[in-house]
Amino acid sequence: AAKAAIDYCLSAGYKLEANLDSRQSMYIQPWNSKEVLWVRMNEEGGSEFERHYFSSGYSGWSAAAPTQNMVDAYEMKDGNPIQSSPLYNDASPYNNRDPRFYKDILYNGAQFKGRAVETYAGGKDEASTATDHSRTGYFHRKLVDETQTVGQTSRTTDGIVFRLAELYLNYAEALNEYSPGNIDITTNINEIRKRAGMPNLPEGLSQQQMRERIQNERKVELFGENQRFWDVRRWKIASQTEQNIYGMRAIKEGSNVRYERFLVEKRPWRNAMLVIPITLDETFRNPNLKQNPGW
């Protein structure tokens, strides 16, 4: 089904955005993009979206703070995970990363709206448990319009529900389960990686290795697009991914900054959470409905 949809989209003139700059613009004006298949219009007006996502240093509410778990999913520019790449250095953890990282995440030292982000204690974007501050030391860059100034400018926010890149990911995932080793698996994943400026996936991956790479590719490419919550449930890996949530503490020492990972919180998990409960109003409408296990 995913392959049929891809073939139709390509024949109808849809295509991936050419590069990460146009991909970034796609989130601001999705109705102008040939990659976007389904848009939910007028989700929010004014600059309210930016007010939620910007840090307190930009008059925002820091309401969506990416986790260190998410940051660690971005590979190094050599195509290897941070755990195995010789390019990774704990002292400078943001160097030499997947180019999507710099488009998607704001971190200490990142340039945004004419200045460097400051998440260290006393910085303009200080990470803390205080209201309107990031608890993890990170902020969203993906989805937001950097030209907006909270309270001074405005735009209508339109949300992407479905885009062509997801079809490529869906097809590769299904094919890996149905026909491991099929050349179309890497062909479709590599289309997305090529657009990001990343190397092709290595050859000779086993089905399980490919499964893990596809899952990580979805995590990175679809970050912030309402996918991960559902993906970890259908893959039944949420008990491993959703409990220990980490952040990064930037510690300023004179003119230098060192980085220290820390546990933000331990979240409770029950396997009942693999499905969501049937809402109370639905059980009132139909008393014969049987509630999902554990709820």
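Trainee: Which residues lie nearest the centre of the second largest pocket, and how many line it?

Mentor: This is a predicted model, and in it 16 residues line the second largest pocket. Nearest its centre lie Glu 43, Gly 159, Ile 160, Gly 224 and Glu 225. The volume of this pocket is about 320 Å³.

Trainee: What makes a residue count as part of that lining?

Mentor: A lining residue has an atom within 4 Å of a point of the pocket. For the second largest pocket, β1 (36-44), α3 (48-53) and β6 (157-163) are the elements that give two or more residues. Strand β6 gives the most, with 5 residues. By class, the lining divides into 6 nonpolar, 5 polar and 5 charged residues.

Trainee: Ile 160 is one of those central residues. Where is Ile 160 found, and is it buried or exposed?

Mentor: Ile 160 is found in strand β6. Its relative accessibility is 17%, and buried means under 20%, so Ile 160 counts as buried.

Trainee: What does Ile 160 touch, leaving out residues up to four places away in sequence?

Mentor: Ile 160 touches Met 26, Tyr 27, Pro 30, Val 36 and Trp 38. Contact here means heavy atoms within 4.5 Å. Ile 237, in turn, is 77 residues from Ile 160 in sequence and 26 Å from it in space, C-alpha to C-alpha.

Trainee: Met 26 and Tyr 27 belong to α2. Why is helix α2 called largely enclosed by the rest of the structure?

Mentor: Of the 9 residues of α2 (residues 20-28), 7 are buried, so the helix is largely enclosed by the rest of the structure. Those buried residues are Leu 20, Ser 22, Arg 23, Gln 24, Met 26, Tyr 27 and Ile 28. They pack against β1, α5 (99-104), β6, α7 and α8.

Trainee: How many cavities of 30 Å³ or more does the structure hold, and what lines the largest?

Mentor: There is 1 cavity of 30 Å³ or more, and about 30 Å³ of space lies in the largest cavity. Ile 160 appears again in its lining, together with Val 161, Phe 162, Arg 163, Glu 166, Leu 222, Glu 225 and Gln 227. Strand β6 supplies the largest share, 4 residues. The lining has 4 nonpolar, 1 polar and 3 charged residues.

Trainee: What makes a space a cavity, and what makes it a pocket?

Mentor: In a cavity a 1.4 Å probe fits but cannot get out, whereas a pocket is an open set of points. The largest pocket holds about 1,400 Å³ of space. It is lined by 48 residues, and the closest to its centre are Thr 67, Asn 69, Met 70, Lys 219 and Arg 228.

Trainee: Which element gives the most to the lining of the largest pocket?

Mentor: Helix α8 gives the most, with 6 residues. Two or more residues also come from each of α4 (68-73), α9 (228-234), α10 (238-241), β7 (244-253) and β8 (256-266). This lining divides into 21 nonpolar, 14 polar and 13 charged residues.

Trainee: How do α7 and α8 pack, and what is the handedness of their crossing?

Mentor: Two packed helices are described by the angle between their axes and the distance between the axes. Helix α7 (residues 183-196) and helix α8 (residues 207-221) pack at about 35 degrees, with axes 12 Å apart. Their crossing is left-handed. On the α7 side the contact is made by Ile 185, Thr 186, Ile 189, Ile 192, Arg 193 and Arg 195. From α8 come Met 210, Arg 213, Ile 214, Glu 217 and Glu 221. By class, the contact residues divide into 5 nonpolar, 1 polar and 5 charged.

Trainee: Let's move on to the loops. Why is Asn 226 called exposed?

Mentor: Asn 226 has a relative accessible area of 59%, and exposed means over 50%, so the name fits Asn 226. This residue lies in the loop between α8 and α9. Its phi is near 65 degrees, a positive value in a residue other than glycine.

Trainee: And why is Asp 132 called partly exposed?

Mentor: The relative accessibility of Asp 132 is 31%. Partly exposed covers what lies between the 20% and 50% cut-offs, so Asp 132 counts as partly exposed. Asp 132 is found in the loop between β4 (115-116) and β5 (139-140). Although not a glycine, Asp 132 has a positive phi of about 70 degrees.

Terms used:
Residues numbered from 1 in each chain as written. Predicted model: local features only at pLDDT ≥ 70, side-chain atom pairs only at ≥ 80, totals over all residues. Heavy atoms only, no water. Axes fitted to C-alpha atoms, helices over the stretch in contact; angles between N-to-C directions. Left-handed = near helix turned anticlockwise from the far one by under 90°. Nonpolar A, V, L, I, M, F, W, Y, C, P; charged D, E, K, R; others polar. 1 Å grid on protein atoms, 1.4 Å probe; cavity = no way out; pocket = protein on both sides within 12 Å on 5 of 7 lines; lining within 4 Å. Points joined across faces, edges and corners; volume = space filled by probe spheres on them. Buried < 20%, exposed > 50% of the residue type's maximum accessible area, 1.4 Å probe, protein only.
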